[in-house]
Amino acid sequence: MVDNGVIIDSGTAYTWLAQDAYNALSEQVQSLFRETLQRYRGMTNQLCYVGSVREDLSGFPVVTFHFTNRAQLVLDTQSMFLHIAPIVFCLAIGSSAVNEDNSKNLSVIGMMAKQNYNMGYELVKTSCTSKELIVSFLRTRA
């Protein structure tokens, strides 16, 4: 679907949300950081902060996108934020309304959001599925 739908795109790095969804997410992020992090004003069209994702965002809540048929995509800080400088990070999610006014109801899920998932789409049923990848590292002792 193009109008009020979601596109899952492996060729797009960022996620672009419909205007209303982006506004709600952006307001929540700003309210969580208001007292603790300084806003970085060098990127006027992005929500950026001075700090470190790894050090300053411990305990940050996950964001879950819910799709039809109970498919969901859970975003942690590594999937939501991107360092643009050693001590500056930005929300890797933007509003689709910046592209054109007629795309303000469109959402595009980019590869940063899906980096820990296998995504599938069944053409006949037109349904989306997701499977979280569980990666474990074994430590060997010498």
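## A charge over a ring

Over the ring of which residue does the charged end of arginine 39 sit? The ring belongs to tyrosine 49, and the charged end of arginine 39 lies 6.0 Å from its centre. Keep in mind as you look around that this is a predicted model.

Tyrosine 49 also has aromatic company: Phe33, Tyr49, Phe60, Phe81 and Phe89 form one aromatic cluster.

## Phenylalanine 33 and its ring partners

Let's start with phenylalanine 33. Leaving aside residues up to four places away in sequence, phenylalanine 33 touches Tyr49, Leu57, Phe60, Phe81 and Phe89. Its relative accessible area is 3%, which is under the 20% cut-off, so phenylalanine 33 counts as buried.

Across the whole structure, a search finds eight aromatic pairs. In one of them, the ring centres of phenylalanine 33 and phenylalanine 60 are 5.5 Å apart with the planes at 40°, so this pair is tilted. Phenylalanine 33 belongs to helix α1, while phenylalanine 60 sits in the loop between α2 (53–56) and β5, so the pair ties together parts that are 27 residues apart in sequence. Phenylalanine 60 is buried too, at 14% relative accessibility.

Phenylalanine 33 also pairs with phenylalanine 89. Here the centres are 6.2 Å apart and the planes stand at 85°, so the pair is edge-to-face. Because phenylalanine 33 lies in helix α1 and phenylalanine 89 in strand β8, this pair ties together parts that are 56 residues apart in sequence. Phenylalanine 89 is buried, with a relative accessible area of 0%.

## The nonpolar core

In soluble globular proteins, nonpolar side chains tend to be buried together. In this model, the largest nonpolar core has 24 residues, and those touching the most other members are Val29, Phe33, Met80 and Phe81. Two or more core residues come from each of α1 (19–33), β5, β6 and β8 (88–91). The biggest giver is α1, with four residues.

## Two faces of strand β5

Now to strand β5, which covers residues 63–66 and has side chains that alternate. Which of its side chains are buried? Val63 and Phe65 are, and they point to one face; Thr64 and His66 point to the other face and are not buried.

Strand β5 has a partner in strand β6 (residues 72–75): the two pair in the antiparallel sense over four bridges. If you want a spot to find this pairing on screen, look at phenylalanine 65, whose bridge partner in β6 is leucine 73.

Methods:
Residues are numbered from 1 along each chain as its sequence is written. This is a predicted model: local features need pLDDT of at least 70, side-chain atom pairs count only at pLDDT 80 or more; totals for chains, interfaces and linings use all residues. Side-chain values use heavy atoms; hydrogens and water are left out. Buried means under 20% relative accessible area, exposed over 50%, partly exposed in between (1.4 Å probe, protein chains only). Two strands pair if DSSP finds at least two bridges between them. A nonpolar core is a set of buried Ala, Val, Leu, Ile, Met, Phe, Trp, Tyr and Cys residues joined through side-chain atoms within 4.5 Å. Contact means heavy atoms within 4.5 Å. Rings of Phe, Tyr and Trp (its six-membered ring) pair if their centres lie within 6.5 Å; planes under 30 degrees apart count as stacked, over 60 as edge-to-face and the rest as tilted. A charge sits over a ring if NZ of Lys or CZ of Arg is within 6 Å of the ring centre and within 35 degrees of the ring normal.
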